[in-house]
Amino acid sequence: MEAHQHSPDSSSEECTVLEAAPSKNSCLQHAGKVADLYCSACECALCEDCLPAHEDHPKVALSQALEQHRSRLKERLGAVQSRLPQISDALSLVTEILQQLNNQRASIEEDIQSSFEDLHKQLDVRKSVLLMELEVTYGLKQKVLQAQIDNLTRGDGDITATCTQTEEALAEEASVATLEVEHELEERLKELAILRMPCQPEENDQLDLVMETDGLRKSIHNLGTIVTTSAVASQSEAMGTGLEQCIVGHPASVTIVTRDKSGGACKSGNAILSAEVFTPDGSIVDGEILDHKNGTYEFVYTVPKEGNFSLALRLYDQHIKGSPFKLTVTKASEVEVEVSPSTTTATNSAANATPSTGSSDGTKRRGKSPGQKKKGSKRASSALGTPRRKTQNPIEDDLIFKIGTKGRNKGEFTNLQGVAASSSGRILIADSNNQCVQIFSNEGEFKSRFGVRGRSPGQLQRPTGVAVHPSGDIIIADYDNKWVSIFTCEGKFKAKLGSGRLMGPKGVSVDQNGHVIVVDNKACTVFIFQLTGKLIAKFGSRGNGDKQFAGPHFAAVNKNNEIIVTDFHNHSVKVFTTEGELVLKFGSNGEGNGQFNAPTGVAVDVNGNIIVADWGNSRIQVFDGSGSFLSYINTSADPLYGPQGLALTSDGHVVVADSGNHCFKVYRYLQ
């Protein structure tokens with residue numbers, strides 16, 4: 001308080017100064033004192049009265065300290081502000097995931113409602129059938145018994161009446177007058193004595209109901225399962241030598257361990273994983289993912305050529321830890337191997353690089369041997385070449401044109417797979433990794449494209465197969481969404497079918513009844529649906545039997561309404577009736593005429609000839625309706641690299657998805 005007192009003769013200017021607000025650098029400990037130093041040890045400003053207490057502490061000028069503090073504050077402000085875009089992106093991503101979760105919930109709720117409504121309808125129908133059967137059966141038995149009762153009643157009445165008349169006649173005195181009546185009664189009694197009456201029951205009273213409900217109740221109790229996992233990409237990791245290096249043409253594997261947000265290992269399977277190996281030229285080598293159902297997965301792939309690659313592993317469309325990985329692919333050293341007549345040297349072909357949708361399959365692919373050789377050196381890969389003229393019998397069909405390069409724009413593709421051709425002169429391409437369908441004219445002119453990436457109805461996650469319904473609707477097999485979507489010819493979503501039944505639909509086709517044929521690559525089953533979604537029939541299971549499949553890919557329908565299916569890992573083509581009865585099987589593993597190294601696309605011409613895309617041998621073969629080899633389409637001018645879907649255009653040409661070259665090609669076809 002003494003600092004504010006002044007003598008009566010103090011100048012007005014001095015008074016003004018003393019009454020002014022404290023300096024912005026005033027000492028916080030000593031009022032009226034100005035701080036001009038800063039104690040670095042105590043992190044506080046010092047005036048001259050503070051110095052004794054901080055005599056041994058390091059000190060700097062206050063102005064310098066303020067400047068340093070301001071600089072650090074700005075730096076930290078910048079660091080924090082730089083997080084805002086990351087937080088904004090994360091917010092958008094999580095919001096999108098939540099929206100997709102909401103959409104999935106709504107979709108599953110709709111599926112549950114429709115499934116149980118369908119079951120209710122089927123139960124009501126069965127109830128009505130049983131009640132009708134009961135009435136019909138009862139009516140037949142009741143009619144027999146009632147007729148017997150009527151006969152017995154009439155017989156009883158006739159006998160009783162005749163006996164009564166006879167007794168009355170006998171009670172009277174015999175005379176000439178009664179003689180004629182008695183004679184008539186005698187004849188009537190003779191007839192009644194020998195009259196055959198249905199005295200034994202002509203029907204029984206059995207009406208039982210056998211209702212085996214225990215198994216049904218158990219099935220209903222276990223009907224349906226909500227499948228999910230708590231795995232997140234940011235915590236999940238991969239391990240194995242296949243992360244860093246592999247040998248050309250030899251299968252390599254990577255183990256993926258899924259973890260939850262806290263880093264805890266997930267114990268269940270069914271996570272949505274995808275894996276791709278990007279080659280130096282930009283093409284993609286997919287592989288197969290084996291779900292061990294315990295939270296771990298194995299990705300098996302084969303790379304057809306050497307170089308530096310990138311291996312991308314995604315969980316729910318997000319890269320896991322360390323992804324994408326740098327992968328080095330080298331050639332195996334050539335080693336002389338002595339082979340006895342009973343020994344075969346297993347040399348893996350580069351054609352064994354498995355094309356897949358890159359999602360969990362539950363099937364592990366194995367390397368295949370090309371046959372017995374004297375040297376263990378790698379032979380030229382059939383996946384990169386075309387059949388030789390001297391060993392084949394080519395017909396002079398030529399490439400008319402090709403459309404596409406690697407990319408995401410119109411007329412560009414990334415892992416195109418399914419192909420369809422409409423009667424209106426359109427070519428449809430399932431552009432798998434671009435999550436869309438692109439439409440062209442028969443002359444290759446781009447017309448339109450549609451498709452939005454996502455896991456909700458009307459969105460596409462990994463379209464692999466495409467077909468055109470006679471109504472004009474476009475039918476798309478969505479491998480990762482595990483359903484088939486139906487769009488109008490303008491690309492507007494109408495409905496989906498197979499949800500809850502399909503595991504990994506790959507190819508689709510339409511039979512002569514307008515039914516949708518779905519080839520389920522994962523389930524190794526062919527499904528037949530009505531366009532409404534009602535399941536008509538299904539056949540097939542995993543295996544190498546005549547009625548079994550190992551990774552079936554595509555299907556076509558011939559004029560007899562028989563279904564032709566390419567059996568990828570069984571290296572064959574199989575023809576079935578719509579009831580699933582095997583009609584024909586042809587093909588074996590190899591490079592000769594009529595042999596396959598993993599067949600994919602298939603089509604049928606007007607003469608019933610079957611055209612097959614031979615993926616591993618990178619060629620197109622033609623067979624007659626009985627499966628006998630006819631020829632192959634000459635592709636030597638611009639070799640194919642892993643052809644997938646195949647179709648016949650409305651003007652009679654062959655269109656094929658040249659997946660490895662990121663384009664589709666149209667060839668002349670001589671029917």
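The second largest pocket of this predicted model is a good place to start: 48 residues line the pocket, and those nearest its centre are Ala 420, Ala 421, Ser 422, Val 468 and Leu 648. The space inside the second largest pocket comes to about 1200 Å³. Sorted by character, its lining residues comprise 24 nonpolar, 19 polar and five charged.

Which strands supply at least two residues each to the lining of this pocket? They are E15 (416-421), E16 (426-431), E18 (446-450), E19 (463-468), E23 (505-510), E27 (552-557), E31 (599-604) and E35 (643-648).

## The chain as a whole

Stepping back, the protein chain holds five helices and 37 strands. Of its 671 residues, 42% are buried. Among contacts with a separation of 6 or more, 55% join residues 24 or more positions apart. The chain has an accessible surface of about 36300 Å², and carbon and sulfur atoms account for 52% of that surface.

One helical stretch also carries an annotation. An unreviewed UniProt entry places the feature "coiled-coil region" at residues 91-118. In the model, that span is 100% helix and 0% strand, and its end C-alpha atoms lie 40 Å apart.

## Residues in strands

Now for some individual positions, beginning with Phe 529 in strand E25 (residues 525-529). Is Phe 529 buried or exposed? Its relative accessibility is 0%, so Phe 529 counts as buried, the cut-off being under 20%. Beyond its neighbours within four places in sequence, Phe 529 contacts Leu 497, Gly 498, Arg 501, Leu 502, His 515, Val 516, Val 518, Lys 534, Leu 535 and Ile 536. Gly 498 is 31 residues from Phe 529 in sequence, with 8.0 Å between the two C-alpha atoms.

Phe 493 belongs to strand E22 (residues 493-497). Here the relative accessible area is 33%, so Phe 493 is partly exposed. Setting aside residues within four places in sequence, Phe 493 is in contact with Pro 457, Gly 458, Ser 485, Ile 486 and Phe 487. The C-alpha atoms of Phe 493 and Gly 458 are 5.2 Å apart, although 35 residues separate the pair along the chain.

Lys 402 sits in strand E14 (residues 399-403). It is partly exposed because its relative accessible area is 44%, which falls between the 20% and 50% limits. Not counting residues up to four places away in sequence, Lys 402 touches Asp 638, Cys 663, Phe 664 and Lys 665. Its C-alpha atom is also 9.2 Å from that of Val 655, a residue 253 positions away along the chain.

The C-alpha separations for these residues, together with the one for Gly 587, are gathered here.

| Residue pair | Separation along the chain | C-alpha to C-alpha |
|---|---|---|
| Phe 529 and Gly 498 | 31 residues | 8.0 Å |
| Phe 493 and Gly 458 | 35 residues | 5.2 Å |
| Lys 402 and Val 655 | 253 residues | 9.2 Å |
| Gly 587 and Asn 597 | ten residues | 9.5 Å |

## Residues in loops

Gly 587 is in the loop between strand E30 (582-586) and E31. With 30% relative accessibility, Gly 587 counts as partly exposed. Apart from neighbours within four places in sequence, its contacts are His 571, Ser 572, Gly 594 and Phe 596.

Some other loops hold backbone details to look for in the structure. Where does the cis peptide bond at Pro 324 begin? It runs from Ser 323 to Pro 324, with omega near 0°. Pro 324 lies in the loop between strand E12 (318-319) and strand E13 (325-330).

Asn 270 has a positive phi of about 75°, despite not being a glycine. The loop that contains Asn 270 runs between strand E6 (252-259) and strand E7 (273-278). Asn 270 counts as partly exposed, at 34% relative accessibility.

Tyr 316 is another residue other than glycine with a positive phi, in this case near 55°. It is found in the loop between strand E11 (307-315) and E12. At 29% relative accessibility, Tyr 316 counts as partly exposed.

Methods. Residues numbered from 1 in each chain as written. Predicted model: local features only at pLDDT ≥ 70, side-chain atom pairs only at ≥ 80, totals over all residues. Heavy atoms only, no water. 1 Å grid on protein atoms, 1.4 Å probe; cavity = no way out; pocket = protein on both sides within 12 Å on 5 of 7 lines; lining within 4 Å. Points joined across faces, edges and corners; volume = space filled by probe spheres on them. Helix = DSSP H or I, 4+ residues; strand = E, 2+ residues; numbered from the N terminus. Nonpolar A, V, L, I, M, F, W, Y, C, P; charged D, E, K, R; others polar. UniProt positions renumbered as here; feature names shortened; annotations may be inferred. Buried < 20%, exposed > 50% of the residue type's maximum accessible area, 1.4 Å probe, protein only. Contact = heavy atoms within 4.5 Å. Areas by Shrake-Rupley, 256 points an atom, 1.4 Å probe, with all protein chains shown as cover.
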